[in-house]
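Got your viewer open? Let's take a walk through this protein, one selection at a time.

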Amino acid sequence: MYSFELRGLFIFGLPVWIIARIIILMNRKKKGIKFNIGDEILTNLFVIYLFLLIGITILPITIGEMSPYLQELSFIERCNINIVPFIDYFKGANYLGSIIRNIVGNLILLMPFILYICAKSEKSRNLKSITKITFLISLSIELTQLVMNIFGLTYIRVVHVEDLILNTLGGIIAWGIFKLIYRGKIKIMIDNTHPQLIEEGQI
């Protein structure tokens, strides 16, 4: 079996991203689009965050024959879906520290994603859009984990309904944070990072 982990993602992904970014910047220069250091820093930090997000939620991916352990599990067992939110927190084996880490981790998981979207897309700076976007991103992650469970591409992850709830709530909190800080010098700084680029498909 071959396991592709976060380290491999950075080793292979970052050089590809750097080359692609250089080509994009050269293309912008030819078109006369002004280079903005703030926009470039924000974009590259977001890409690094995406690598980490994939590493946390998807990797490792195991390619090869399904392990004997997984082959012995039924289809329902491999799916490993928990449709009752927060029920695990009331089981005796869970300690307060692990519960807090799980809740906080799920709340902050998509916050950088939502802050980036708010910074780059003026059309998405409303509660309805952000709630929808966060929910769909979280749902995509959970469905990906479900598919990987079914086909034995990873160790069995729990597909939690509570993750959808906490991720979405975290996105709403991130939107609230953006609204609070989007003023004064920070507003000027964000507005100068070319928010129109994401809507025109130039990023």
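Before we start clicking, here's a rule for angles between helices: under 35 degrees counts as roughly parallel, over 145 as roughly antiparallel, 65 to 115 as roughly perpendicular, and the rest as oblique. Also keep in mind that what you're looking at is a predicted model.

**Stop 1: two crossing helices**

Select residues 111-120, which make up helix 6, and residues 127-150, which make up helix 7. How do their axes cross? They come within 11 Å and cross at roughly 140 degrees. By the rule above, helix 6 and helix 7 are therefore oblique to each other. The crossing of helix 6 past helix 7 is right-handed.

Now show the side chains where they touch. On the helix 6 side, pick Phe113, Ile114, Ile117 and Cys118; their partners in helix 7 are Ile130, Ile133, Thr134 and Ile137. Sort the residues of this contact by type and you get seven nonpolar, one polar and no charged.

**Stop 2: the largest nonpolar core**

Nonpolar side chains tend to be buried together in soluble globular proteins. Here, the largest nonpolar core has 20 residues, and Leu53, Leu110 and Phe113 are the ones that touch the most other members. Color helix 2, helix 6, helix 7 and helix 8 (161-181), since each supplies at least two residues of this core. Which helix gives the most? That's helix 6, with seven residues.

Zoom in on Leu53 next. If you skip its neighbours within four places in sequence, Leu53 is in contact with Ile58, Leu109, Leu110, Phe113 and Ile141.

**Stop 3: a cis peptide bond**

Go to the loop between helix 2 (37-57) and strand 2 (61-63), where you'll find Pro60. Look at the link from Leu59 to Pro60: it is a cis peptide bond, with omega about 0 degrees. Most peptide bonds are trans.

**Stop 4: two residues with positive phi**

Most residues other than glycine have a negative phi. Select Asn80, though, and you have a positive phi of about 55 degrees in a residue that is not a glycine. Asn80 sits in the loop between helix 4 (75-79) and strand 3 (81-82). Is Asn80 buried or partly exposed? Its relative accessibility is 25%, so it counts as partly exposed.

Now move along to Phe86, in the loop between strand 3 and helix 5 (96-108). Phe86 isn't a glycine either, and its phi is positive too, at about 65 degrees. With a relative accessible area of 25%, Phe86 is partly exposed.

**Stop 5: a glycine in a loop**

Select Gly152, in the loop between helix 7 and strand 4 (159-160). Gly152 has 8% relative accessibility, so it counts as buried. Then add Ser67 to your selection: it is 85 residues away from Gly152 along the chain, yet their C-alpha atoms are separated by 7.7 Å.

**Last stop: zoom out**

Show the whole protein as a cartoon. How many helices and strands are there? You should find 10 helices and four strands. Following the chain along its sequence, you can trace the pattern β-α-α-β-α-α-β-α-α-α-β-α-α-α.

Of the protein's 203 residues, 37% count as buried. Take the contacts between residues at least 6 apart in sequence: 80% of them join residues at least 24 apart. The pair Gly152 and Ser67 is a handy one to revisit here, being 85 residues apart along the chain.

How values were computed
Residues are numbered from 1 along each chain as its sequence is written. This is a predicted model: local features need pLDDT of at least 70, side-chain atom pairs count only at pLDDT 80 or more; totals for chains, interfaces and linings use all residues. Side-chain values use heavy atoms; hydrogens and water are left out. Buried means under 20% relative accessible area, exposed over 50%, partly exposed in between (1.4 Å probe, protein chains only). Axes are lines fitted to C-alpha atoms, for helices over the stretch in contact, and angles run from 0 to 180 degrees between N-to-C directions. A crossing is left-handed if the near helix is turned anticlockwise from the far one by less than a right angle, and right-handed if clockwise. Contact means heavy atoms within 4.5 Å. Ala, Val, Leu, Ile, Met, Phe, Trp, Tyr, Cys and Pro count as nonpolar, Asp, Glu, Lys and Arg as charged, and the others, Gly among them, as polar. A nonpolar core is a set of buried Ala, Val, Leu, Ile, Met, Phe, Trp, Tyr and Cys residues joined through side-chain atoms within 4.5 Å.
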